[in-house]
Amino acid sequence: MKESTKNPKLIFEETKTVKFFIALFYIFFFSYDIFHYYIVPIYTKEGMVGLENNGLGFWFHIAVIGLLPIAIFFIKRGNPYIVKYIFLFSFAFIEMINSLLIYVGTDKDYGSGNIVELLFLFFSPIFVNKKYFWTAALTMIGKYTIIGSILQESNVVLPIITFFVLSVIAYFLLTRFISYIDSLTSVHLELRKKEKLAVIGQMAAGIGHEIRNPLSSLKGFTQLQQERYPNTNDYYPIMIQEIDRINSIVNDLMYLGKPKEIKFAKANMEEIIAYTLSITQQQAEKQGVTIETILEGPLPPLECDSHQLKQVFINLLKNAIESMPDGGKIKVNVRVLEGKKMYISVDDEGYGIDEENILNLGEPFFTTKRDGTGLGLMVTNQIISDHNGKIQFENKLDKGTKVTLILPVIQK
Ligand code: ADP
Ligand code: MG
């Protein structure tokens with residue numbers, strides 16, 4: 001059994017469906033046979049009242065009733081999933097034996113089986129299971145094909161066509177059910193994700209706000225100490241740097257709660273990139289990473305919130321640097337296509353992104369780093385979508401990752 005089908009709620013749902021199915025099955029089965037063997041013959045001259053005497057006779061019905069305790073056994077064992085298959089296969093098998101016993105070696109016209117067979121197909125969508133649907137359709141059509149070829153009978157053509165038409169109808173019903181359930185599930189998941197984000201956001205914004213005030217006085221006092229005792233020790237710069245780091249994490253966290261308002265203005269991409277490089281330069285050098293920038297052609301001014309775009313490039317460059325612990329080269333390329341869209345790519349030679357992680361990029365707190373926050377790309381995604389832009393991640397074949405931003409030059 002698949003993990004997902006072990007859920008008690010789903011087992012309960014399947015059990016309910018199976019019980020409903022079994023009830024319908026026996027009602028159809030017995031009504032049809034009573035009608036067919038005991039009532040119809042009274043009004044028609046040809047037949048005798050009662051069961052055919054050369055088939056399995058009553059044993060046929062006893063065998064079919066015998067399926068009930070087996071079904072109960074499996075339901076009690078907590079595996080109702082198998083019951084529909086047991087009914088399908090057993091019934092098709094018993095019915096086929098019965099038909100062959102009645103018709104093989106006689107020249108009687110073949111009369112097709114109990115109407116309950118239609119139930120197997122027509123009601124197959126209630127199990128919302130494509131595998132069961134296909135099994136039921138193939139079993140029923142297969143059964144008549146086998147009987148037809150053994151008996152050399154053309155009377156099987158009608159039931160085969162009937163089952164074929166029923167399959168098509170059932171298939172439509174089934175795919176409708178499945179797509180309806182899928183969209184319900186995805187709406188539900190989306191809602192849950194939004195709720196989760198809202199709660200995290202409020203919490204983060206609250207805590208962030210509380211942390212920022214003590215943090216700024218801490219930084220102020222540290223700077224003061226450094227000025228007062230410039231020669232005493234080298235720890236002050238490190239302390240200030242670490243306080244800045246906490247501050248930037250807190251800023252990212254607060255972004256979760258209330259995305260800042262964006263202020264669009266014309267800005268120069270060269271300046272934005274130059275600023276970001278100056279910020280990340282130190283970390284890059286420490287790790288033996290060189291950054292090469294290629295700005296193609298005269299770049300038009302970009303309508304954007306330059307403060308936020310700087311944040312984006314810092315995040316992307318930091319990720320690129322962090323992906324190359326043993327050094328390497330980053331290529332930053334900026335070009336404009338048709339005067340409308342600016343393509344900015346950050347291309348590293350680092351360890352790349354696992355295929356399975358690509359979908360998680362930008363989820364809050366998704367990180368593969370020991371001391372990562374998993375907030376950088378979330379903030380990045382938010383800012384880029386506020387700018388009506390796009391972001392693409394590409395694993396390069398040779399090695400490394402290429403992140404491309406596509407931004408409209410003029411905001412509408
Ligand atoms: P953090 O950097 O704190 O882990 P991010 O949101 O910036 O958080 O990145 C999330 C994850 O995406 C990283 O942990 C890393 O696994 C992956 N990632 C992002 N950029 C790159 C890159 N250039 N190369 C390899 N992996 C990357
Ligand atoms: Mg990062």
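This section describes aromatic ring pairs and charges placed over rings in a predicted model.

A total of 26 aromatic pairs is counted in the structure. One of them joins Phe-29 and Phe-91 in an edge-to-face arrangement, with 5.8 Å from centre to centre and an angle of 90° between the ring planes. This pair connects distant parts of the chain, as Phe-29 belongs to helix α1 (residues 8-43) and Phe-91 to helix α4 (residues 83-103), 62 residues apart. Phe-29 and Phe-91 are both buried.

A stacked pair is formed by Tyr-85 and Phe-89: the ring planes meet at 25° and the ring centres are 6.3 Å apart. The pair counts as stacked because its interplanar angle of 25° falls under the limit of 30 degrees. In contrast to the contact between helices α1 and α4, Tyr-85 and Phe-89 are both located in helix α4, where a spacing of 4 residues corresponds to about one turn of the helix. The two residues are assigned to separate accessibility classes. Tyr-85 has a relative accessible area of 14% and is therefore buried, whereas Phe-89, at 43% relative accessibility, is classed as partly exposed.

Charged side chains are also placed over aromatic rings. Lys-310 is positioned over the face of Tyr-275, at a distance of 4.6 Å from the ring centre. In a second case, the ring of Tyr-343 has the charged end of Arg-335 over it, 5.5 Å from the ring centre.

Technical notes: Residues are numbered from 1 along each chain as its sequence is written. Chains are lettered from A and ligands numbered from 1 in the order in which they are written. This is a predicted model: local features need pLDDT of at least 70, side-chain atom pairs count only at pLDDT 80 or more; totals for chains, interfaces and linings use all residues. Side-chain values use heavy atoms; hydrogens and water are left out. Rings of Phe, Tyr and Trp (its six-membered ring) pair if their centres lie within 6.5 Å; planes under 30 degrees apart count as stacked, over 60 as edge-to-face and the rest as tilted. Helices (H or I, at least four residues) and strands (E, at least two) are DSSP runs, numbered from the N terminus. Buried means under 20% relative accessible area, exposed over 50%, partly exposed in between (1.4 Å probe, protein chains only). A charge sits over a ring if NZ of Lys or CZ of Arg is within 6 Å of the ring centre and within 35 degrees of the ring normal.
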